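Student: I'd like a close look at one part of this protein, the aromatic rings and what sits around them. Could you take me through it in one go?

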Amino acid sequence: MAEPSPRPGPRSGAAAAEPSQPQAADRLRDILLTPGYLKVLVFCAVIGIPVSLAAFWYLVGLHELEHFLWVDLPHEQGRDMPAWWWPLPLLLVSGLVVGLVVSRLPGAGGHIPASGLHTGGTLPVTLPGVLLAATASLPFGAVLGPEAPLIALGGGLALLFRDLARAPATPQSTALLGAAGAAAAIAVIFGSPLVAAVLLIEIAGVGGPRLFAVMLPALLSSGVGALVFTGFGRWTGLQTGSLGLKLSAPPPRLDGPDVLWALLMAVVIAVAMRGVLGAGQRVAASIETTETTENMENVEKAVIVRTVLYALGAGACAALYALITGRSPAEVASSGRSAISALASDPHTWSVGALLAVLAFKGTAYTLCLGSLRGGPIFPALFLGAAAGVLLAPLPGFGVIPAMAAGMAAATAATLRLPVSSVVLVALLLDSADLMPLVILAAAVAFITAELLPSRVADAETSRV
């Protein structure tokens with residue numbers, strides 16, 4: 001390291017910065033040429049194959065079980081959709097199994113969803129409990145997604161293969177293999193390696209707070225710049241050439257009201273989603289308080305009872321929604337992956353009352369599941385943001401598609417606190433470059449709003465769950 005020197009002026013500072021670039025390149029070259037690192041790269045490439053296959057078949061199993069429970073069984077009873085009471089017995093079973101896993105198996109069924117996503121490699125010994133808890137949660141109606149157990153599955157299998165190959169178990173290899181396995185599994189569910197890479201970069205906290213401090217101005221300026229650029233080109237009628245592809249249908253044209261309403265909506269959604277997340281953390285804390293009990297048998301019973309009660313509460317939300325609206329309870333129960341597709345394809349089939357009801361009941365069920373069952377937080381947040389967008393789309397000058405885009409970006413960024421990942425994910429779902437500026441601005445504003453809100457749960461507690 002060079003010795004300290006007086007602070008240079010602007011010209012000398014620029015000159016002093018130049019030698020650091022080749023030095024950084026040399027360091028990167030040295031790392032890439034390290035035999036141990038090359039072996040890790042080769043091993044990561046190899047394990048991507050079995051991890052992806054395992055993640056694929058696990059997702060297939062979850063989907064088939066969910067279809068059997070929510071479609072096939074009701075059809076066998078002569079029903080077009082599940083009865084209003086259908087979620088109650090399913091989530092009773094879910095809460096019971098998850099409570100048993102949490103209290104008696106190693107690893108407590110994996111990370112609690114309210115604590116966010118984690119990339120740390122799951123120990124192979126805890127993997128059965130993680131998969132069992134997720135299998136008992138997701139197909140049975142938990143308002144959670146499969147991304148968290150997939151991260152655990154990918155990381156756990158990568159470490160298992162390392163142990164089977166008798167490779168050295170160093171902290172560096174554990175971190176690298178855990179991240180590589182998680183990325184391979186995430187790419188399966190999102191269908192994009194780019195989403196997996198960006199998501200893991202932000203989850204792992206590469207760069208720490210400085211990364212977010214640099215990214216936020218870049219996100220905001222790029223979003224504003226894109227809006228100004230496209231708007232000015234439209235006003236003048238002039239063209240600069242485009243790299244975009246011709247689409248079969250014209251994308252929606254953004255205007256001033258779209259941007260204004262989207263930014264205001266992003267603030268409101270961020271406040272609401274942070275409230276949901278904070279309530280989910282308190283649910284998790286209420287289950288954890290039993291750990292201080294001296295009698296271990298009473299601890300296990302309390303964990304099971306409280307997990308069952310919270311799961312039944314989520315089931316009651318779905319049942320009440322079905323009773324009030326006459327719609328399917330599956331719109332509240334489960335992750336919302338299928339419901340968001342129906343909402344996006346024909347939003348006008350949802351009345352204002354149905355939208356208000358699904359936001360209230362699914363938001364409450366989401367809160368309960370975040371703190372008690374096992375899964376990931378992404379897909380319910382996407383659905384809630386989309387539903388909020390459709391509800392607010394009738395505002396003057398606001399369009400349905402821009403409202404959904406901004407709502408999904410804001411809800412995901414506020415819940416995950418991963419702004420770039422939220423932008424990439426929503427952009428992938430919408431497949432429209434014209435909506436990117438609005439998505440970027442909504443995600444950035446929601447992320448800043450969520451970060452500035454006071455946390456109701458101590459960081460030490462949330463990082464421990």
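How many aromatic pairs does the count come to?

Tutor: The count comes to three aromatic pairs. One of them is formed by W85 and W86, and it is tilted: the ring centres are 5.5 Å apart, with 45° between the planes. That angle gets the tilted label because it is neither under 30 degrees, which would be stacked, nor over 60, which would be edge-to-face. The two partners don't share a level of exposure. W85 counts as partly exposed because its relative accessibility is 33%, whereas W86, at 7%, counts as buried.

Rings also have charges over them here. R327 lies over the face of W350, at 4.1 Å from the ring centre. Over the face of F379 you'll find R337, at 5.0 Å from the ring centre.

Now, how far to trust the coordinates. This is a predicted model, with a mean pLDDT of 79 for the protein and 73% of its residues at 70 or more. Among the elements, helix α13 (residues 352-372) has the highest mean pLDDT, 96, and helix α18 (residues 459-464) the lowest, 38. Over residues 1-19 the pLDDT is below 50, and beyond near neighbours in sequence that stretch has one contact in the model. Residues 457-465 also stay under 50, though there the model has 14 contacts beyond four places in sequence. Where pLDDT is low, the predicted coordinates shouldn't be read in detail.

Note on methods
Residues are numbered from 1 along each chain as its sequence is written. This is a predicted model: local features need pLDDT of at least 70, side-chain atom pairs count only at pLDDT 80 or more; totals for chains, interfaces and linings use all residues. Side-chain values use heavy atoms; hydrogens and water are left out. pLDDT is the predictor's confidence in each residue, from 0 to 100. Helices (H or I, at least four residues) and strands (E, at least two) are DSSP runs, numbered from the N terminus. Contact means heavy atoms within 4.5 Å. Rings of Phe, Tyr and Trp (its six-membered ring) pair if their centres lie within 6.5 Å; planes under 30 degrees apart count as stacked, over 60 as edge-to-face and the rest as tilted. Buried means under 20% relative accessible area, exposed over 50%, partly exposed in between (1.4 Å probe, protein chains only). A charge sits over a ring if NZ of Lys or CZ of Arg is within 6 Å of the ring centre and within 35 degrees of the ring normal.
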